[in-house]
Structure formats: structure tokens, C-alpha cells
2 protein chains.
Amino acid sequence: MRFFEDIAIGQRRELGSFIFTVELIKKFAAQFDPQRFHLDEEAGRKSLFGGLAASGWHVGSVCMKLLVADGQRLTREAAARGEKTAIWGPSPGFRELRWIRPVLAGDIVSFATEVESVRPSEKRPEWGIVQARNTGTNQRGELVFSLLATAFVPRRDAGS
Amino acid sequence: MRFFEDIAIGQRRELGSFIFTVELIKKFAAQFDPQRFHLDEEAGRKSLFGGLAASGWHVGSVCMKLLVADGQRLTREAAARGEKTAIWGPSPGFRELRWIRPVLAGDIVSFATEVESVRPSEKRPEWGIVQARNTGTNQRGELVFSLLATAFVPRRDAGS
């Protein structure tokens with residue numbers, strides 16, 4: 001992962017795509033969100049969603065999955081270059097999660113993250129605070145998911 | 001589910017408890033949040049969490065699971081009394097999700113929901129907008145999770 005000093009407003013990373021198949025939608029829903037329009041095609045078609053729809057928590061969890069994979073990729077690449085890598089702090093939470101459009105069975109959602117603000121932490125000088133907008137866009141280019149995440153990111157010169 | 005007219009500020013429902021076992025924490029993390037402190041006890045102990053910690057998305061998804069079960073229970077009870085039940089609209093998202101304390105392996109988290117605000121929708125007179133604070137509290141009475149949810153709730157006299 002990157003250090004605070006390496007992060008600037010507007011930096012964007014494409015996190016990759018995920019196909020929300022019938023099977024994966026039903027599997028997540030059966031465990032965590034067993035509403036009928038997440039479990040049954042016919043019930044989905046009759047609902048406001050107009051089709052078997054992924055749970056919003058499934059969409060958010062897949063975004064997390066791709067964020068983690070991207071961070072692990074960055075860490076491996078930095079290690080391969082012999083660079084020191086940053087260990088980010090635990091996330092305190094996030095704001096403004098929006099499920100903008102349904103994610104229906106067969107939809108391919110591409111996730112991305114873009115830095116919206118960076119500032120040093122006043123209380124903890126060894127950390128910076130980064131806000132990033134994580135988004136999901138479907139195969140028609142429509143925004144389906146958006147979340148404003150907050151992360152504590154270590155400063156390069158702290159604690160070394 | 002209840003109609004808008006049946007909902008008042010301060011109404012609280014206990015949603016039940018969930019044991020975050022080692023197995024369930026690792027199973028969720030392997031699928032959606034494969035960071036080491038969510039996958040391995042030793043890595044968890046060495047992390048800022050101090051133990052194998054559940055993914056925050058796991059905690060949120062379990063809260064959703066218990067909310068859905070509670071809604072289904074309310075609907076069954078109303079149907080048993082011969083009452084009409086409300087079908088809530090899709091959630092547009094939520095605000096202020098906070099992971100306040102780690103949820104560690106073996107923790108028992110009790111979830112609850114409490115109504116914070118109610119107002120008629122200006123654009124759609126057949127709907128009301130309800131904001132509720134969903135929380136998780138561990139076996140030591142410590143708040144670990146909080147989220148401010150928004151829901152569109154049908155009005156009793158609309159569309160009947």
C-alpha cells in the first residue's frame with residue numbers, strides 16, 4: 001500500500017470487474033439478505049427492481065474484495081521494487097453509501113476508487129486521513145454504487 | 001412490515017444476537033475481505049485489532065440479515081392477525097456507517113434498530129421517509145457498529 005505522501009487528490013485506480021451471476025446473487029442473499037427479489041428470478045421480475053437483484057451488501061462486499069486485491073497488488077509490486085510498503089490503519093467507517101441503480105443477474109460491474117481529499121491527522125502526526133470515492137459502474141456505463149470511504153494512511157517518515 | 005403511520009421517533013426493536021465464530025469470520029473474509037487479520041488468528045493478534053477480527057462488511061451484512069428476519073417476523077405476525085402489511089421500497093443507501101470497535105472471534109453482537117426521524121416524502125405523497133439508527137453491541141455492552149439507514153415506507157392510505 002502507498003504512504004500518505006504518495007497520495008494526491010484525483011488519483012484514480014481501476015479495481016477490476018465482477019459478474020453478478022444468478023448463483024452468486026442467490027448465495028449471498030441466502031446468507032445475509034434473504035428478501036425474495038434477491039432469491040428468486042420471478043419475484044425479482046415482479047419487484048421494483050425488474051429482475052433478480054443483488055443485495056446492496058453484496059455489491060459493497062465485492063467492492064471491498066476488489067479494493068483488497070488492488071492493495072495486495074500494490075504491495076507486491078512495491079516489494080518487488082525493493083520499496084518499503086505502508087500498512088494502513090483500520091477503517092473507522094464510511095459515509096454516503098448509495099445504491100443508485102439495481103445490479104441485476106448477469107450485470108458486469110466495474111469498480112474504481114478516486115481520492116477526494118487528503119489531510120494530515122491533527123491528533124496523530126504519524127498518520128494522514130484520506131477520503132476516497134469508491135464507485136461501481138455497470139456494462140452500460142451507468143453508475144450503480146458509490147461510497148465515500150475514510151482511511152488512516154501512515155506518513156512515510158513516521159515510525160521509521 | 002409496518003406502514004408509515006405506524007412508525008414513530010424513538011421506536012426500538014431488538015433484532016437478536018449473532019456469534020462471530022472463527023469459522024464464520026474466516027469464511028466471509030476469504031470471499032470478500034481477505035486481509036490477514038481477518039483470516040489468521042496469529043496475524044490478528046499481531047494487528048491493531050488484537051485478535052482475529054471480523055470484516056466490517058461481515059458485521060454490516062449480519063445486521064442486514066437480522067433486519068430482514070425481523071421484517072419477515074413482523075409481516076407474518078400482521079398476516080396472522082389478518083392485517084394488511086406494507087411493502088417497503090428499495091433502500092437508496094445509508095449514511096454514517098461506523099465501525100467503532102473490533103468484533104473479535106467469539107464475540108456475541110446484539111443488533112437493534114431505533115427510529116430517528118420520520119417525514120412524508122415531498123415528491124411522492126404515497127411514501128414516507130424513515131431514518132433509523134441500526135446498532136451492534138457486544139457481550140460487554142460496548143457499541144461496535146452503527147449505521148444511519150434511510151427507507152421509503154408506504155403510507156397506509158396510498159394506493160389501496
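**Exercise 1. Symmetry of the pair**

Find the rotation and shift that superpose chain A on chain B in this predicted model.

*Solution.*
Step 1. Fit chain A onto chain B. The operation is a rotation of 180° with 0.0 Å of shift along its axis. The RMSD of the superposition is 0.0 Å.
Step 2. Interpret the operation. The two copies are thus related as by a two-fold rotation axis.
Step 3. Locate the axis in the chain. Among the residues of chain A, Arg95(A) comes closest to the rotation axis, with its C-alpha at 2.6 Å.
Step 4. Compare the two contact surfaces. Of the interface residues of chain A, 100% are also interface residues in chain B, so the copies meet through the same surface.

**Exercise 2. One chain, element by element**

Determine how many helices and strands chain A has, and in what order its elements run.

*Solution.*
Step 1. Count. Chain A has 4 helices and 5 strands.
Step 2. Read from the N terminus. The order is β-α-α-α-α-β-β-β-β.
Step 3. Take the extent. Along the principal axes, the C-alpha atoms of chain A fill a box of roughly 60 × 35 × 30 Å.

**Exercise 3. The sheet**

Work out the strand order of the open sheet, and identify its edge strands.

*Solution.*
Step 1. Start with β1(A). This strand pairs with β3(A), residues 108–120, in the antiparallel sense over 7 bridges. Within this pairing, Ile19(A) has Ile108(A) as its bridge partner in β3(A).
Step 2. Move on to β4(A), residues 127–137. β3(A) and β4(A) pair in the antiparallel sense over 10 bridges. Thr113(A) stands opposite Asn134(A) in β4(A). A hairpin of 6 residues joins β3(A) to β4(A).
Step 3. Check a pairing in the other chain. β2(B), residues 93–99, and β5(B), residues 143–154, are antiparallel and share 4 bridges. There, Phe94(B) has Ala149(B) as its bridge partner in β5(B).
Step 4. Assemble the whole. The open sheet has 10 strands in the order β1(A)-β3(A)-β4(A)-β5(A)-β2(A)-β2(B)-β5(B)-β4(B)-β3(B)-β1(B), with antiparallel pairing. In that order, β2(A) is followed by β2(B).
Step 5. Find the edges. They are β1 (12–19) of chain A and β1 (12–19) of chain B, each of which pairs on one side only.
Step 6. Add the twist. From one strand to the next, it averages 20°.
Step 7. Recall the bonding. Strands of a sheet pair through backbone hydrogen bonds, either parallel or antiparallel.

**Exercise 4. The interface**

Describe the contact between chain A and chain B: its residues, its buried area and its polar links.

*Solution.*
Step 1. Count the residues. The contact takes 29 from chain A and 29 from chain B.
Step 2. Evaluate the area. The chains bury about 2700 Å² between them, and 68% of it lies on carbon and sulfur atoms.
Step 3. Rank the contributors in chain A. Phe32(A), Trp57(A) and Phe94(A) lose the most area to chain B. Together they make up 27% of what that side buries.
Step 4. Count the polar links. There are 0 salt bridges between chain A and chain B. There are 10 residue pairs in polar contact, with both residues at pLDDT 80 or more.
Step 5. Assign the surface to elements. On the side of chain A that touches chain B, α1 (22–32), α4 (56–80) and β2 (93–99) each supply at least two residues. α4(A) gives the most, with 9 residues.

Note on methods. Residues are numbered from 1 along each chain as its sequence is written. Chains are lettered from A and ligands numbered from 1 in the order in which they are written. This is a predicted model: local features need pLDDT of at least 70, side-chain atom pairs count only at pLDDT 80 or more; totals for chains, interfaces and linings use all residues. Side-chain values use heavy atoms; hydrogens and water are left out. Copies are superposed by least squares on the C-alpha atoms of residues with pLDDT of at least 70 in both. Contact means heavy atoms within 4.5 Å. Two strands pair if DSSP finds at least two bridges between them. Axes are lines fitted to C-alpha atoms, for helices over the stretch in contact, and angles run from 0 to 180 degrees between N-to-C directions. Buried area is the accessible area (1.4 Å probe) that two parts lose on being put together, summed over both. A salt bridge is a side-chain nitrogen of Lys or Arg within 4 Å of a carboxyl oxygen of Asp or Glu. A polar contact is a pair of N or O atoms within 3.5 Å; within protein, one must be able to donate a hydrogen and the other to accept it, and residues adjacent in sequence count only if both atoms are side-chain atoms.
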